[in-house]
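Visitor: Please take me through one part of this model at close range. I would like to look at the enclosed spaces inside it, and then at the strands.

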Amino acid sequence: MKEFATLIIDGKEMKLPVITGTEGEKAIDIRSLRQETGFITYDPGFANTGSCKSKITFMNGEKGVLRYRGIPIEQLAEKSSFVETSYLLINGHLPTQEELTRNSIMLNDQSMVHEDMQIFFQNFPRLSHPMGILSAMVNALRSFYPELITTEEEFQKVFIRMLSKVRTMAAMSYKISRGHKVIYPRADYTYCANFLNMMFDSPVNPYQIDYEIVKALNTFWILHADHEQNCSTSAVKTVGSSRANIYASVSAGIAALWGPLHGGANQAVIEMLTDIHKKGGGIKEVVEKAKNKRSSFRLMGFGHRVYKTYDPRAKIMKKICDKVLPKLKIDDPLLDIAKQLEEVALNDQYFIDKYLYPNVDFYSGILLRAMGIPTNMFPVMFAIGRLPGWIAQWKEHMDDKEQKIVRPRQIYMGKNKISYTPISKRDSSSADTESDD
Ligand code: CMC
């Protein structure tokens, strides 16, 4: 039976259809609201607004649940690989052995970056942030691959191209920023092993693949692979909704992810923990500063728009740190500081009242440090992981007949109509007061 919500505006009753998701989430369909009543809704940050119907990722923020295509994140983190999870997100099902093999061959074929692109890389100023470089270079890919996506096969090719080349480009930008020789991808390495080799191999110091690190990197990227309608994914879809090409759309996603409230938080957490370490204490002071409304400082790696409990990804990330660091014989003082900080914050009334818990970024930087990844590359690591999610969501958006160009409304609070004042007649007291109405 169809369900409706009743809205009374100016004494008139309006019945709005209710949409129920497969996990029981309810939404009020307000598409006819403005046309029938002249009213719009007001929802800054779209915290209460569903922008689409999606079959990709399910989150329950109150219970700390995250599933990709129905499969719990805990199972994927334990049993899957990043390449397999990417396939799942894009295609909606786990691949057969044959599909996975075909996928790996395509990833290998697409792994090289056009040599002409190296010139671009080399001309960025040395201190450029790798996220800025990556965003620009992904946009530039369009000039090298101008074909449009008109078939499913072409879409799969573009997806594989992006997944493979962005990883190569990320490692290249690191090598070039250090003034070192670029290391090319190898056909005999898996996706994650290849990335580590491109990052750390050098003619004078051959890199030994450590399969403990490869496994940890797979899990890291699986945990980041999608998170439904987050800021960067919404940026990708917003740009895509104007029918801009997929490279421009993903480039916008990278730019959005760069911010410290989003994917830049993993870098900001390590900077915060390092600062505490350097000062030799001060955990309580940091927590107090985060609570102080006169300061813009926030406890980085804490809080989430959707999760009102412990982020399930943060739980897994913390466990991996506890497992991998001792195996790599790394004793990172920042891990102890993070645990102490978590304990203080979780017992503080401010954080309890606002349901602020560690998010995925709180422990991820510690794992990346243990792998040898430099701090300014942390958001790039997030971006590589989020690629399958961005592309799956972009595709779903393009295929959804109910979608339109993204174009929110506003409530105008500015001046009423006034006349143009010639410059000779302008003075500071009159400029704001004249009105035609
Ligand atoms: N430290 C101190 N106070 C906080 C924090 C924090 N980390 N996060 C939220 N608050 C407070 C905030 O000041 C507000 O207080 P009040 O109601 O008194 O004004 C209240 O909690 C609600 O915060 P909000 O900003 O309205 O919540 P939001 O859903 O808009 O923001 C967030 C979510 C993730 C941007 C925010 O929690 C934050 O800035 N966290 C720190 C940055 C961070 O770790 N980002 C990574 C997010 S997870 C990975 C990803 O998506 O990229």
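Guide: What follows covers the cavities and then the strand pairings. Keep in mind that this is a predicted model.

Start with the count. There are two cavities of 30 Å³ or more. The largest holds about 80 Å³ of space. Its lining is made up of F121, Q122, F124, P125, R126, S128, I133, S173, I176 and S177. Two elements give two or more residues each to this lining: α5, residues 117-122, and α7, residues 152-177. The largest share belongs to α7, with three residues. Sorted by class, the lining has five nonpolar, four polar and one charged residues.

Now the second largest cavity. About 40 Å³ of space lies in it. M112, V113, E115, Q118, T168, M172, V182, Y184 and P185 form its lining. Here the division is six nonpolar, two polar and one charged.

Next, the strands. Begin with β1, residues 4-9, and β2, residues 12-20. These two run antiparallel and are joined by six bridges. One pair to pick out is L7 with M14, its bridge partner in β2. The strands form a hairpin with two residues between them. In this hairpin D10 takes a positive phi near 50 degrees.

Follow β2 onward. Three bridges join β2 to β3, residues 26-28, and this pairing is antiparallel too. In β3, A27 is the bridge partner of I19. β2 and β3 also make a hairpin, with five residues between the strands. The turn includes G24, which has a positive phi of about 90 degrees.

Further along the chain comes an open sheet of three strands. The order is β4-β5-β6, and the pairing is antiparallel. β4 (57-60) and β6 (71-72) are at the edges; each has a single partner strand, so one side of each is left without a neighbour in the sheet. Look at β4 and its partner β5, residues 65-68. Four bridges join the two strands. Among the bridged residues is M59, whose partner in β5 is L66.

To gather the cavities once more: the largest is lined by residues that include F121 and I176, and the second largest by residues that include M112 and Y184. For the strands, β2 is the one to trace by eye. Six bridges tie β2 to β1, and three tie β2 to β3.

Key. Residues numbered from 1 in each chain as written. Predicted model: local features only at pLDDT ≥ 70, side-chain atom pairs only at ≥ 80, totals over all residues. Heavy atoms only, no water. Pairing = 2+ DSSP bridges. 1 Å grid on protein atoms, 1.4 Å probe; cavity = no way out; pocket = protein on both sides within 12 Å on 5 of 7 lines; lining within 4 Å. Points joined across faces, edges and corners; volume = space filled by probe spheres on them. Nonpolar A, V, L, I, M, F, W, Y, C, P; charged D, E, K, R; others polar.
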